[in-house]
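This report looks at how the protein chains meet each other and how they meet DNA. The sequence and structure come first.

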Number of protein chains: 2
Amino acid sequence: MDNKKINRRVKYTRMGLKDSFIKLMKAKPIRRITITEICEEADINRATFYSHYTDQYDLLRQIEQELVDDINEYLESYRFNEDESQFLQMMEKIFEYIKENAEVFTVLLSENGDRNFQKDVMMIVWNRCKDEWAAKKSVREEIAQYMYTYVASGCIGIILKWLQSGMDKSIHDMAVLVSKMTNQGLSVLV
Amino acid sequence: MDNKKINRRVKYTRMGLKDSFIKLMKAKPIRRITITEICEEADINRATFYSHYTDQYDLLRQIEQELVDDINEYLESYRFNEDESQFLQMMEKIFEYIKENAEVFTVLLSENGDRNFQKDVMMIVWNRCKDEWAAKKSVREEIAQYMYTYVASGCIGIILKWLQSGMDKSIHDMAVLVSKMTNQGLSVLV
DNA sequence: ATTTAAGACAACGCATTGTTGATTTTTTAT
DNA sequence: ATAAAAAATCAACAATGCGTTGTCTTAAAT
């Protein structure tokens, strides 16, 4: 009947731990964050932490996973215009989402965050654009894989820089820039 | 007189610790590597470790720094042909260097490695090519910064994929691919 | 050969860890 | 409303790793 299998109490406890953790992540690298600390901050017993997560890294991964699921849901809800470049439209939405969650993204994508999260975020774009790109594909799948890797890494890099520069450029400008770089590379300079 | 300020003994001890550490890095994430473990493996007293490094992360950073310095030296020694694209030539040399040190690069650039090292490696290329790029620059410095970030991140991403694919493509092919992506983006697909 | 620096070793108090079992509180199902 | 189930609390545990100390031994530089 009720698909919210997790009851309020559990949800609330986890929320407390997550908030406390993000707060600490802003202040110091994850390796310096102890479970004891997280629990003190959240005012939750340490044994309770262990009944939900195995360690800090497990907690981090779960936070990341929820975020990835949420972006996907967010993109799902949006109908893209078939005529325009899907990539550009999607990047706009992604920048939009990231801006709305700038705080947590800054923490998770920065040096403290782990590379798997980067990969997951890259995969969101890649999975949704591969059809568009595949249409005009003239190289072997193997080579194409390398190209997508380049593109996805470039996107993450630029997103991170944008966050660290205090989101000084507009969402639209950024989406256009990323789109241009992806499609034309540095040749746009000339 | 003698510019090798560090005597043999120190050098040897540090080498032991580094080797031991790299060995452990292959097996598990850095957060699971204890100093006790490093010292046991290297058969060096724990107190000795502390007289050289503050912790695992300090040791890692020093290994990385030495590698970065070494690449720079390696590139320095090589005269580039002014007529051709400096970027392409430099990428060839970098792929060459990485292949020669594939083992350690695989470890340091993978999920266990830290983002600062990525950045450092990116900076090597960027510092040596910015003049070439600046010549044809038609955008504001501010925007250019974003573009370089994209490119540098893309390069690292593709290098890492290459390493993880067991360096299945030749150095030359990779250099050409990276160069194409950087200069023309996905438009090479058409 | 003498001085200087590096490393070995044992020992320390301290913090964090992961787990336990008993107890209380909240949620859910009847 | 009440009983049963699930979740969180708490205190206590041994184990491990931490970082530092002082003393002693060994190697290197002059």
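The interface residues of chain B are, at 100%, also interface residues in chain A, so the copies meet through the same surface. The model is predicted. Superposing chain B on chain A takes a rotation of 180° with 0.0 Å of shift along the axis, and the RMSD is 0.1 Å. That is the relation of a two-fold axis.

## The chain

Chain A has nine helices and zero strands. From the N terminus on, its elements read α-α-α-α-α-α-α-α-α. Taken along the principal axes, the C-alpha atoms of chain A fill a box of roughly 60 × 45 × 35 Å.

## Where the chains meet

The size of an interface is often given as the accessible area lost when the parts come together. Here the area buried between chain B and chain A is about 4500 Å². Carbon and sulfur atoms give 64% of that area. Three residues stand out: B:Tyr146, B:Tyr150 and B:Leu189 supply 22% of the area that chain B buries against chain A, more than any other three residues.

In residue terms, 48 residues of chain B are in contact with 48 residues of chain A. There are 13 residue pairs in polar contact between the two chains, counting pairs with both residues at pLDDT 80 or more. Which helices of chain B each supply at least two residues of the side that touches chain A? They are helix H7 (115-135), helix H8 (141-164) and helix H9 (171-184). The largest share comes from H8(B), with 16 residues. By class, this side of chain B has 21 nonpolar, 15 polar and twelve charged residues.

## Salt bridges

Side chains of opposite charge can pair when their charged atoms come close. Over all chains, a search of the whole structure finds 20 salt bridges. Between chain B and chain A the count is four.

One salt bridge joins A:Glu142 to B:Lys169, with the closest N and O atoms 2.7 Å apart. Another salt bridge brings together the side chains of A:Arg32 and B:Asp55, at 2.6 Å from N to O. This pair crosses between chains. A:Arg32 sits in the loop between H1 and H2 of chain A, and B:Asp55 in the loop between H3 and helix H4 (56-76) of chain B.

## DNA strand C

Strand C is surrounded by 17 residues, and the closest are A:Arg46, A:Tyr50, B:Thr13, B:Thr48 and B:His52. Both chains contribute helices to the surface near this strand. Helix H2 (35-42) and helix H3 (46-52) of chain A, with helix H1 (8-27) and helix H3 (46-50) of chain B, each supply at least two residues. By class, the surface near DNA strand C has six nonpolar, eight polar and three charged residues.

What share of the strand C atoms within 4 Å of the protein belongs to sugar or phosphate? The share is 68%, and the rest belong to bases.

## DNA strand D

Strand D also has its own set of neighbours. 17 residues surround DNA strand D, and the closest are A:Thr13, A:Thr48, A:His52, B:Arg46 and B:Tyr50. Helix H1 (8-27) and H3 of chain A, together with helix H2 (35-42) and H3 of chain B, each supply at least two residues of the surface near this strand. That surface has six nonpolar, eight polar and three charged residues.

Of the strand D atoms within 4 Å of the protein, 66% belong to sugar or phosphate and the rest to bases. A base is reached too: an N or O atom in the side chain of B:Arg46 is 2.9 Å from a base nitrogen of DNA strand D.

## Phosphate contacts

The table lists distances from a phosphate oxygen to a polar atom of the protein.

| Residue | Protein atom | DNA strand | Distance |
|---|---|---|---|
| A:Thr36 | side-chain N or O | C | 3.0 Å |
| B:Asn45 | polar backbone atom | C | 3.1 Å |
| B:Thr48 | side-chain N or O | C | 2.7 Å |
| B:Ile35 | backbone N or O | D | 3.5 Å |
| B:Thr36 | side-chain N or O | D | 3.0 Å |

Technical notes: Residues are numbered from 1 along each chain as its sequence is written. Chains are lettered from A and ligands numbered from 1 in the order in which they are written. This is a predicted model: local features need pLDDT of at least 70, side-chain atom pairs count only at pLDDT 80 or more; totals for chains, interfaces and linings use all residues. Side-chain values use heavy atoms; hydrogens and water are left out. Contact means heavy atoms within 4.5 Å. Buried area is the accessible area (1.4 Å probe) that two parts lose on being put together, summed over both. A polar contact is a pair of N or O atoms within 3.5 Å; within protein, one must be able to donate a hydrogen and the other to accept it, and residues adjacent in sequence count only if both atoms are side-chain atoms. Helices (H or I, at least four residues) and strands (E, at least two) are DSSP runs, numbered from the N terminus. Ala, Val, Leu, Ile, Met, Phe, Trp, Tyr, Cys and Pro count as nonpolar, Asp, Glu, Lys and Arg as charged, and the others, Gly among them, as polar. A residue is near a molecule or strand if one of its heavy atoms lies within 4 Å of it. Copies are superposed by least squares on the C-alpha atoms of residues with pLDDT of at least 70 in both.
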